[in-house]
Amino acid sequence: MAKKRWRDLTKGQQAAMLALASVQLSLAATAWADLARRPAKDVRGSKGVWAAVIAIDFIGPILYFLRGRRKD
């Protein structure tokens with residue numbers, strides 16, 4: 001199976017890819033901003049490790065928000 005190029009995708013597929021990329025980048029940017037502002041004592045584990053985990057597609061930011069932050 002050959003790789004599809006951007007120009008080979010339909011307009012609907014291109015729009016869906018752009019929407020998903022936008023959501024993923026927004027999630028990651030929000031998670032990184034939260035991590036940068038949050039004191040280390042309020043983060044479970046190393047902030048450096050969480051910064052790397054956040055870079056993993058959709059799963060990273062979601063994991064950070066669910067498991068990486070300490071609750072009050």
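1. A quick term before we start: a residue counts as buried when its relative accessible area is under 20%. Keep in mind that this is a predicted model. With that in hand, look at helix α1, where Gln14, Gln24, Ala28, Ala31, Asp34 and Leu35 are buried. What do the buried residues of α1 pack against? They sit against α2 (47-54) and α3 (59-68).

2. Now check the length of that helix. Helix α1 covers residues 11-37, which is 27 residues, and at 1.5 Å a residue it should span 39 Å. The C-alpha atoms at its ends are 39 Å apart, so the expectation and the model agree.

3. Next, the inside. Nonpolar side chains tend to be buried together in soluble globular proteins. Here the largest nonpolar core has eight residues: Ala28, Ala31, Leu35, Val43, Trp50, Val53, Ile54 and Tyr64. Which elements give two or more residues to this core? Those are α1 and α2.

4. Trp50 deserves a look of its own. Setting aside neighbours within four places in sequence, Trp50 is in contact with Leu35, Val43, Arg44, Gly45, Leu63, Tyr64, Arg67 and Gly68. Of these partners, Leu35, Val43 and Tyr64 are listed in the core along with Trp50.

5. Arg44, one of the contacts of Trp50, is found in the loop between α1 and α2. Is Arg44 buried, partly exposed or exposed? Its relative accessibility is 38%, so Arg44 counts as partly exposed. Again leaving out neighbours within four places in sequence, Arg44 is in contact with Trp50, Arg67, Gly68, Arg69 and Arg70. For a sense of distance, Arg44 and Leu25 are 19 residues apart in sequence and 23 Å apart in space, C-alpha to C-alpha.

6. On to the charges. Side chains of opposite charge can pair when their charged atoms come close. The model has three salt bridges. Asp34 takes part in one with Arg38, where the closest N and O atoms are 3.0 Å apart, and in another with Arg69, at 3.7 Å. Asp34 lies in helix α1 and Arg69 in the segment after α3, so this pair ties together parts that are 35 residues apart in sequence. Asp34, Arg38 and Arg69 are thus linked in a network of salt bridges.

7. How covered are the members of that network? Asp34 is buried at 17% relative accessible area, and Arg38, at 18%, counts as buried too. Arg69, at 23%, is partly exposed.

8. Then there is the salt bridge between Asp42 and Lys41, at 3.4 Å from N to O. Lys41 is exposed, with a relative accessible area of 63%, whereas Asp42, at 23%, counts as partly exposed.

9. Last, the outside. Which residues form a nonpolar patch on the surface? They are Leu20, Val23, Phe58, Ile62 and Leu66, with about 430 Å² of accessible area together. Both α1 and α3 supply at least two residues of the patch. Val23 is in helix α1 and counts as partly exposed, at 43% relative accessibility. Ile62 lies in helix α3 and is partly exposed as well, at 38%. The C-alpha atoms of Ile62 and Ala31 are separated by 8.4 Å, although the two residues are 31 apart along the chain. Ala31, you may remember, belongs to the largest nonpolar core.

Key: Residues are numbered from 1 along each chain as its sequence is written. This is a predicted model: local features need pLDDT of at least 70, side-chain atom pairs count only at pLDDT 80 or more; totals for chains, interfaces and linings use all residues. Side-chain values use heavy atoms; hydrogens and water are left out. Helices (H or I, at least four residues) and strands (E, at least two) are DSSP runs, numbered from the N terminus. The expected span of a helix is 1.5 Å times one less than its number of residues. Buried means under 20% relative accessible area, exposed over 50%, partly exposed in between (1.4 Å probe, protein chains only). Contact means heavy atoms within 4.5 Å. Patches are made of residues with over 30% relative accessible area and no salt bridge: like charges are joined within 9 Å, nonpolar side chains (Val, Leu, Ile, Met, Phe, Trp, Tyr) within 5 Å. Accessible areas come from the Shrake-Rupley method with a 1.4 Å probe; for residues, only the protein chains shown count as cover. A salt bridge is a side-chain nitrogen of Lys or Arg within 4 Å of a carboxyl oxygen of Asp or Glu. A nonpolar core is a set of buried Ala, Val, Leu, Ile, Met, Phe, Trp, Tyr and Cys residues joined through side-chain atoms within 4.5 Å.
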